[in-house]
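Trainee: Let us go through this model together. I will ask, you reason.

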Amino acid sequence: MLENKTSTARFVGMERSPLIPLSVALLLASVLLPAGCGQPKEKRSVKSSQPRPSYTQYTTESGKAEDLDRFSPMPVGAPVGKDPWIAHVRAVDLDQDGLMDVIFCEAKHNQINWLRQTAPGTFEEITIAEDMNAPVHVEAADMDQDGDLDVIVSSMSMVFPNNDRIGIIYILENLDNRNFENHLIIENIERVTDARAADFDGDGQMDLAVGQFGYDQGSVSWMHRTGPWTFERKVLLDLSGTVNVGVADFDHNGKLDMVALVSQQWEEIHIFLNVGQPDYYTRVIWGSTNEDYSLSGMSLADINQDGFMDILFSNGDGFGPNPEPGPKPWHGVQYLENQKSGRFLFRRLGDLGGAYSPIAADIDQDGDIDVVAPAAFNDWNDPESISLAWFRNDGHQKFERRVLAYKPIYLITLDVADMDGDGGKPWLITGGFHSHPPFRDESRITLWQPTGE
Ligand SMILES: [Ca+2]
Ligand SMILES: [Ca+2]
Ligand SMILES: [Ca+2]
Ligand SMILES: [Ca+2]
């Protein structure tokens, strides 16, 4: 506890750095774009009249207790090859044949790939779209209401390297659970990091929630469905740096709300409460006083199982002021507990250098919700740096960090699913993103099978 209090004090009391923190989106930008494509702007005083929510004490210790045998890792799909860039994995039974599959983005090769489970434990890798312009996020939903699952792709693009407005959204229409037709939904917008399907206006048609990191400019928007493959974009927030968006009915008014994790120099979480037809009430529900907090990933889960959706997020982007990415003492995993009254309470789960993409699941099947997070930018020159950890819930939302793995390294994306469909302990799915040295212990897609079942 003492150690955590120390690190709390370090980041809360830290002077704002004049240097600009970067996130995964900027990481991609820095790799994909030549230098000189614009300097990030000075921090604007957006919502500055609102008080910053105060921190609560960290509730956990981040020891080095190990559970290295809890999961058995196995690579699946194509060979690792040279320095893969797996930007996002999503577990979904894409062909709805009862066998769970995985879809993922290969941002270096501009592909959307499908690991189709053809028989229990056997996977066939199929490229369902190429030339996807640095895809970084993929989701599945039935966009045209014909009963099959289509695929939504968020692309940051590398086509016009000096232009900010190079983001693209594609939807891959599922034709026959084997072939997909590419529909370009929107282009020439700020770089897109996350697009998800939801029916915001309740007309029975799927709309989109969209987060755009951009660079100098970015935004959060929803896109109203206007035709079979056409949408009208409605901007809710004009701010750069959004890494993820999430959709849930946070206030239980029967309408879907949105939330956005805004990184770069803002380091804030914005909520968009749907109070109308829809009409959004927007506000900041949390922000770090540390401009280098390095928000890196967000997912939604009802962690305390009170029926109200909570917001799980990580800070661990390694692209701080140094050219070499690496961990910071304040990196870790936390959530905002939905207090039902429109208020959210910050709760720290624990520390994890280079943390990304946290996901909630009952890992040990003891009835409470645990959290798993991979590490992308830990200190990989140290073989004892953690690459995958879980935060074990003691049943009262006190969490103990336990080490699942030290390799493979550079794990930037994670999903959780019952891959063998037996209703037992959840499996993990990770993706490796190897843009920086050391180029060791590389992985592409890894399935982590729970042991002891
Ligand atoms: Ca399947
Ligand atoms: Ca469909
Ligand atoms: Ca809750
Ligand atoms: Ca549990």
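Trainee: What pLDDT does the protein average?

Mentor: This is a predicted model; local features need pLDDT of at least 70, side-chain atom pairs count only at pLDDT 80 or more, and totals for chains, interfaces and linings use all residues. Residues are numbered from 1 along each chain as its sequence is written, while chains are lettered from A and ligands numbered from 1 in the order in which they are written. pLDDT is the predictor's confidence in each residue, from 0 to 100. Here 83% of the residues score at least 70, and the average is 85.

Trainee: Over which residues is the pLDDT below 50?

Mentor: Where pLDDT is low, the predicted coordinates should not be read in detail. The stretch in question has 111 contacts beyond near neighbours in sequence, a contact being two C-beta atoms, placed from the backbone, within 7 Å. It covers residues 1-61.

Trainee: Which strands stand at the edges of the open sheet β14-β15-β16-β17?

Mentor: Strands are DSSP runs of E, at least two residues, numbered from the N terminus. Two of them pair if DSSP finds at least two bridges between them. The four strands form an antiparallel sheet in that order. Two have a single partner strand each, so one side of each is left without a neighbour: β14 (242-248) and β17 (280-287).

Trainee: Which residue in β16 stands opposite Val259?

Mentor: β15 (residues 257-262) pairs with β16 (residues 268-274) in the antiparallel sense. Five bridges join these two strands. Opposite Val259 stands Ile271.

Trainee: Is Lys340 buried, partly exposed or exposed?

Mentor: Lys340 lies in the loop between β20 (332-338) and β21 (344-351). Buried takes 20 or more other C-beta atoms within 10 Å of a residue's own, exposed 12 or fewer, partly exposed in between, with C-beta atoms placed from the backbone. Lys340 has 13 such neighbours, so it counts as partly exposed.
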